[in-house]
Amino acid sequence: MLIRRPADIAPSEITARELFEGRREFIRRAGLGLAAGAALWHGLPAPARAADALPRTVPGPFSIGEPLTKLESAISYNNFYEFGVTKSGPERNAHRMQVRPWTLRVEGLVCKPREFGIEELLKLAPMEERIYRLRCVEAWSMVIPWAGYPLAALLKAVEPLGSAKYVEFVTHYDPAIMNTRQVIEWPYHEGLRLDEALHPLTLLTFGMYGELLPNQNGAPVRIVVPWKYGFKSAKSIVTLRLLEEQPATAWIKQAPQEYGFYANVNPEVSHPRWNQATERRIGEQRRRPTLMFNGYAEQVAQLYQGMDLHKHY
Ligand SMILES: Nc1nc2c(c(=O)[nH]1)N[C@H]1C(S)=C(S)[C@@H](COP(=O)(O)O)O[C@H]1N2
Ligand SMILES: [Mo]
């Protein structure tokens with residue numbers, strides 16, 4: 001299902017047509033079960049959609065025209081350490097997580113702290129499909145059609161105070177179903193500077209390939225920050241906290257000499273244990289050069305003007 005897309009075909013047309021064949025397989029592998037059945041018709045002249053299906057998406061900005069990673073790879077080759085440290089662990093184990101009901105709490109330096117139920121959150125802003133690269137610090141990358149809307153839409157709804165400078169994400173942790181060995185500190189936590197969080201590329205993400213997220217990809221709601229290494233894109237988030245000070249993150253606590261707060265994809269700065277100048281697109285044999293800011297330099301380079309990115313890695 002390697003999709004080569006002529007420039008004149010909208011991503012929405014491609015996903016409706018080409019992804020249809022993979023959809024049965026998707027639902028089986030992702031364990032989405034009956035509720036997702038109605039969403040089979042996503043993008044087609046359709047009967048009523050189930051209440052808990054992904055809302056209809058519109059094509060969003062910033063999509064790239066590169067071949068999509070095979071669905072089968074995107075849902076079976078994952079990093080989700082709470083469900084195991086191997087790539088196949090999350091697909092095997094993440095079905096144990098209950099993703100309904102689910103609430104996301106937004107708190108800290110905001111005028112209107114509150115909880116959002118997942119159903120309300122799904123409808124807060126128009127759902128877009130955006131084809132983004134995701135590049136892991138381990139030097140592999142994927143191209144995935146995500147579904148979501150800018151995180152800025154949620155932040156605006158709670159009205160950040162002038163003193164808010166950072167956003168911290170805390171993800172779900174349940175020792176009864178997740179790794180209890182402290183591979184990294186649980187719950188997994190990550191953060192962004194407020195201007196990064198408000199950037200229109202930063203996507204509050206609910207789906208992929210036209211369906212709700214499979215658990216192993218961070219259901220029911222995750223962040224996707226496409227110009228940063230994948231570890232910034234926290235999965236299965238439960239709390240979003242606005243702060244004045246830069247939050248400590250799970251990976252910085254784990255290995256501060258290897259993982260920085262910014263984690264911008266940067267081919268010019270080596271990871272202490274490996275070079276970061278090239279990457280392997282999952283499904284390809286050859287290595288390709290890694291692009292500055294994962295190819296999104298035009299959109300985000302100005303956020304880091306005057307910063308030494310060798311120091312702020
Ligand atoms: N909660 C949580 N979120 C997480 C991780 C994790 O271990 N736990 N791994 C991160 C890393 S290292 C990567 S590369 C991406 C992988 O996302 P994907 O499996 O959907 O491709 O998720 C990120 N989000
Ligand atoms: Mo990663």
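**A five-stranded sheet and an enclosed ligand**

V170 has T239 as its bridge partner in β11. This pair is a good place to start a tour of the model, which is predicted: local features need pLDDT of at least 70, side-chain atom pairs count only at pLDDT 80 or more, and totals for chains, interfaces and linings use all residues. Residues are numbered from 1 along each chain as its sequence is written, chains are lettered from A and ligands numbered from 1 in the order in which they are written, and side-chain values use heavy atoms, with hydrogens and water left out.

Strand β6 (residues 166-171) and strand β11 (residues 237-243) are joined by six bridges and run antiparallel. Strands here are DSSP runs of E with at least two residues, helices are runs of H or I with at least four, and both are numbered from the N terminus. Two strands are taken to pair if DSSP finds at least two bridges between them. Further along the β6 and β11 pairing, V167 has L242 as its partner in β11. L242 is also the bridge partner of G108, and here the strands concerned are β2 and β11, which are parallel and share four bridges.

These strands belong to an open sheet of five, with mixed pairing and the order β3-β2-β11-β6-β7. Its edges are formed by β3 (114-117) and β7 (189-193), each of which pairs on one side only. On average, neighbouring strands of the sheet are turned by 20° against each other, direction ignored; such angles are taken between axes fitted to C-alpha atoms, for helices over the stretch in contact, and run from 0 to 180 degrees between N-to-C directions. Helix α6 (residues 151-158) packs on this sheet and touches β2 (103-108), β3, β6 and β11, its direction making about 60° with that of β11. Contact in this case means heavy atoms within 4.5 Å.

Towards the β3 edge, β2 and β3 are antiparallel and are joined by four bridges. A hairpin of five residues links the two strands, and R105 stands opposite E115 in β3. In a regular strand, side chains alternate between the two faces of the sheet.

The loops hold some backbone features worth a look. R100 and P101 are joined by a cis peptide bond with omega of about -10°, and P101 sits in the loop between α4 (89-93) and β2. A cis bond also leads from W186 to P187, with omega near -10°; P187 is in the loop between β6 and β7. Y209, a residue other than glycine, has a positive phi near 50° and lies in the loop between β8 (203-208) and β9 (211-212).

Ligand 1 is surrounded by 17 residues, the closest being N78, Y81, E82, R222 and K235. A residue counts as near if one of its heavy atoms lies within 4 Å of the molecule. By type, the shell comprises eight nonpolar, six polar and three charged residues, where Ala, Val, Leu, Ile, Met, Phe, Trp, Tyr, Cys and Pro count as nonpolar, Asp, Glu, Lys and Arg as charged, and the others, Gly among them, as polar.

Several polar contacts (pairs of N or O atoms within 3.5 Å) reach the ligand. A polar side-chain atom of N78 is 2.8 Å from an oxygen atom of ligand 1, while an N or O atom in the side chain of R222 lies 2.7 Å from a ligand oxygen. The backbone takes part at S233, where a polar atom is 2.9 Å from a nitrogen atom of the ligand. The protein covers 99% of the 540 Å² of accessible area that ligand 1 has on its own, as given by the Shrake-Rupley method with a 1.4 Å probe.

Conventions:
A polar contact is a pair of N or O atoms within 3.5 Å; within protein, one must be able to donate a hydrogen and the other to accept it, and residues adjacent in sequence count only if both atoms are side-chain atoms.
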